[in-house]
Amino acid sequence: MLLHTPSSPCLSFKIIKAQSKPDNVLLVSAFKSLVQNQRIDRSISVLRGNSIPSSFTRNAASTEAGASVMSTEMAETDVLKALSQIIDPDFGTDIVSCGFVKDLHIDEAIGEVSFRLELTTPACPVKDLFEQRANEVVAALPWVKNVKVTMSAQPAKPIYAGELPPGLQRISNIVAVSSCKGGVGKSTVAVNLAYTLAGMGARVGIFDADVYGPSLPTMVSPENRLLEMNPETRTILPTEYLGVKLVSFGFAGQGRAIMRGPMVSGVITQLLTTAEWGELDYLVIDMPPGTGDIQLTLCQVAPLTAAVIVTTPQKLAFIDVAKGVRMFSKLKVPCVAVVENMCHFDADGKRYYPFGRGSGSQVVQQFGIPHLFDLPIRPTLSASGDSGIPEAVADPQGEVAKTFQDLGVCVVQQCAKIRQQVSTAVTYDRTIRAIRVKVPDSDEEFLLHPATVRRNDRSAQSVDEWTGEQKLQYTDIPEDIQPEEIKPMGNYAVTITWPDGFNQIAPYDQLQMMERLVDVPQLTPAQAV
């Protein structure tokens, strides 16, 4: 007879009757083989697919004394299958495949299942839903009598921490809040976004990058209003307010600066990179107006995960905001949301739009930014900025706080999505000895030969900077060369380490222009080593 299991559609076991072994023994033998395969593939196919029915496991266990171990394995598979019904909305994948399920323990004698869900950020907006659904789907298994779920968070490590200044190496996500025009409420959005993320459970810092007119000292009220320096490490100690770390030139004891652009860039770089930020889930940068040297310096020094654009309904604001969006686009920084401030106010049962309508939606439509948030004209929002208590803190249940809550959820989800895309954009597949490329925000995936990538290096070591003459010759690179390591470099490139010690910077745009592989044969395990 032919045994076909729903959890492994590609596996079939042909059981031949023999006088020396009854069917039930052969069936157990087949099951042991299946369990071994499932143990190997649990992190891939089994976590998403169907499990072997519990009744089948119990029947097999009754046929052989050693089947108790197999029964535990199948019970574990049942639990993982149940949990794989829960889909993470950020990654579009079940929580088991995402690696969230930890410390799974099953006590079949009393029907108890315990496990931990380890999320990538403590500010996960669906963590309560995950906990509830995990309890429900596991408790629905017929043999389960008790479920114990604990929640934890292990924030993702910075993808390219090794190339960063020491002060930035333990920051998971850096979010720029920009408008490229003064007076539109950018600082208000930055501060309230930061305290909203902190209220969601994240570790947050705010960097006020405006040296000419720092707003942070007015908008928050820390007890210590002066930055201090660690005498041993010569690093800056941020001040704190309500658990959020703060750095601003306004806390340097010099008020507003009068200095030329190159000096400002140096001051901003020093404040940002020498501050002891520690471990942060999100660093919110309140960008200064404009698209000049200061803004470019910030984008180059700090590996920005994403940007939030702030505008007002007027056409004049849109013109300047469009410049900023184009700047971020050239620097490969994704703009994830637009906040249209001072949109409207309500009076006499009607809604009025004193500055017109459409600037925010125009930014969304023209540049394809996925999310738009409207902020009303509210005296309390302005007053909170002057009082030193952010509106998201002063009235956490109000309409404005609700908008910032939605913005915070958007930022958390989009940053997680971007990090996942960047971390898997370029990988080396040893089974086919090819480099897989799937550029963020693109559905296309293609393969490149490692030797082709290495030969297309455009650095000064491979190409003469003055004459453009090719110094790296075709024959200098062996056909069987393989990369030792591939790491993301910002949102625009990867660094590839080769066996000769050379570190190649390969921008996505350049990889997309290279000759591609087609019909690549799969190697055997022995060949892939």
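**Exercise 1. Take stock of the fold.** How many helices and strands are there in the protein, and what share of its residues counts as buried?

*Solution.* Start with the secondary structure: this predicted model holds 16 helices and 25 strands. Next, turn to burial: 49% of the 529 residues count as buried. Then look at the outside, where the protein exposes about 25700 Å², with 52% of that area supplied by carbon and sulfur atoms. Finally, check the contacts with a separation of 6 or more: residues 24 or more positions apart account for 68% of them.

**Exercise 2. Find the nonpolar cores.** Which residues have the most contacts inside the largest nonpolar core, and which helix gives the most to this core?

*Solution.* Begin with a general expectation: in soluble globular proteins, nonpolar side chains tend to be buried together. Here the largest nonpolar core has 106 residues, and F207, W277, F328, L407 and L511 have the most contacts inside it. Helix α13, residues 399-423, gives the most to this core, with ten residues. Now zoom in on F207: leaving aside residues up to four places away in sequence, F207 touches V247, I268, L271, L272, W277, L283, V284, I285, D286 and L298. To finish, note a second, separate core of 26 residues, which includes I95, I106, C124 and V138.

**Exercise 3. Read the faces of helix α11.** Which residues of helix α11 are buried, and which exposed residues sit on the face turned away from them?

*Solution.* First, pick out the buried residues of α11 (residues 379-387): they are L381, S384 and G385. Second, look down the helix axis: these buried residues fall within an arc of 100°, so they line one face of α11. The helical repeat helps here: an α-helix has 3.6 residues a turn, so residues three or four places apart point the same way. Third, turn to the face pointing away from the buried side, which carries the exposed residues P379 and D386. Fourth, ask what the buried residues of α11 pack against: their partners are α5 (186-199), α6 (216-219), α12 (391-394) and α13. Last, step past the helix to G388, which follows α11 and has a positive phi, near 90°.

**Exercise 4. Check the cysteines.** How many disulfides does a search of the whole structure find, and why is C415 not bonded to C410?

*Solution.* The search finds zero disulfides. For C415, the closest cysteine sulfur is that of C410, at 8.8 Å, and a disulfide needs sulfur atoms within 2.5 Å, so the pair is too far apart for a bond. Then consider burial: C415 counts as buried at 1% relative accessibility. C335 is buried too, with a relative accessible area of 14%.

Terms used
Residues numbered from 1 in each chain as written. Predicted model: local features only at pLDDT ≥ 70, side-chain atom pairs only at ≥ 80, totals over all residues. Heavy atoms only, no water. Core = buried A, V, L, I, M, F, W, Y, C linked by side-chain atoms within 4.5 Å. Buried < 20%, exposed > 50% of the residue type's maximum accessible area, 1.4 Å probe, protein only. Helix = DSSP H or I, 4+ residues; strand = E, 2+ residues; numbered from the N terminus. Contact = heavy atoms within 4.5 Å. Arc of directions from axis to C-beta. Areas by Shrake-Rupley, 256 points an atom, 1.4 Å probe, with all protein chains shown as cover.
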